[in-house]
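Trainee: I'm new to this structure and would love a close look at a single part of it. Could you pick one and walk me through it slowly?

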Amino acid sequence: MSPALNAFCHLYRSLSPGELQGLRGVYSKDVLFADPAHDIRGIEALVAYFEGLFTRVQQCRFDIIQVMEQDGEAYVRWEMHFVHPRLNGGRPVTVPGVSHLCFADSIYYHRDFFDLGAMLYEQLPLLGKGIRALKRRLNS
């Protein structure tokens, strides 16, 4: 595994509010980070995003499931486990996802793919019940 990818996996396995400065050692200054809800440019904006994330959740951790790397690109399959007081009645939520990374000495492109509905909308009391019922109808 390349040093940049190894540093990424190590950081996310131990990501916590006290480890956020480690983002600067993994990502380039002009990193582009995107997920289903955000497009973030630059390391300072990325650090601020994670600082905000950790002020809203009670717990958050990532399990790295699989890593595939080739020629300065990688796909990392992961599970995010988090607890937010307003989601899922304050109980843990697990969301599977995949990160597409591009890197040389550091990561300059990071795009996350995950089900935003499973992470957020399905965890809300009224909206979640309706979405789960709709999914059941579509599956039958």
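Mentor: Happily! Let's take helix α3, residues 43-56: its 14 residues reach 20 Å from first C-alpha to last, close to the 20 Å expected at 1.5 Å a residue (that expectation is 1.5 Å times one less than the number of residues). Please keep in mind that this is a predicted model, in which local features need pLDDT of at least 70 and side-chain atom pairs count only at pLDDT 80 or more, while totals for chains, interfaces and linings use all residues. Residues are numbered from 1 along each chain as its sequence is written, and side-chain values use heavy atoms, with hydrogens and water left out.

Now, which residues of α3 are buried? They are Ile-43, Leu-46, Val-47, Tyr-49, Phe-50, Gly-52, Leu-53 and Phe-54. Buried here means under 20% relative accessible area, with a 1.4 Å probe and protein chains only. Their cover includes the helices α1 (3-13) and α2 (23-26), and also the strands β1 (27-35), β2 (38-41) and β3 (59-70). Contact means heavy atoms within 4.5 Å.

To place α3 in the whole, follow the elements from the N terminus: α-α-β-β-α-β-β-β-β-α-α. That comes to five helices and six strands, where helices are DSSP runs of H or I with at least four residues and strands are runs of E with at least two. Across the protein's 140 residues, 44% count as buried, and the C-alpha trace spans about 45 × 35 × 25 Å along its principal axes.

Terms used:
Buried < 20%, exposed > 50% of the residue type's maximum accessible area, 1.4 Å probe, protein only.
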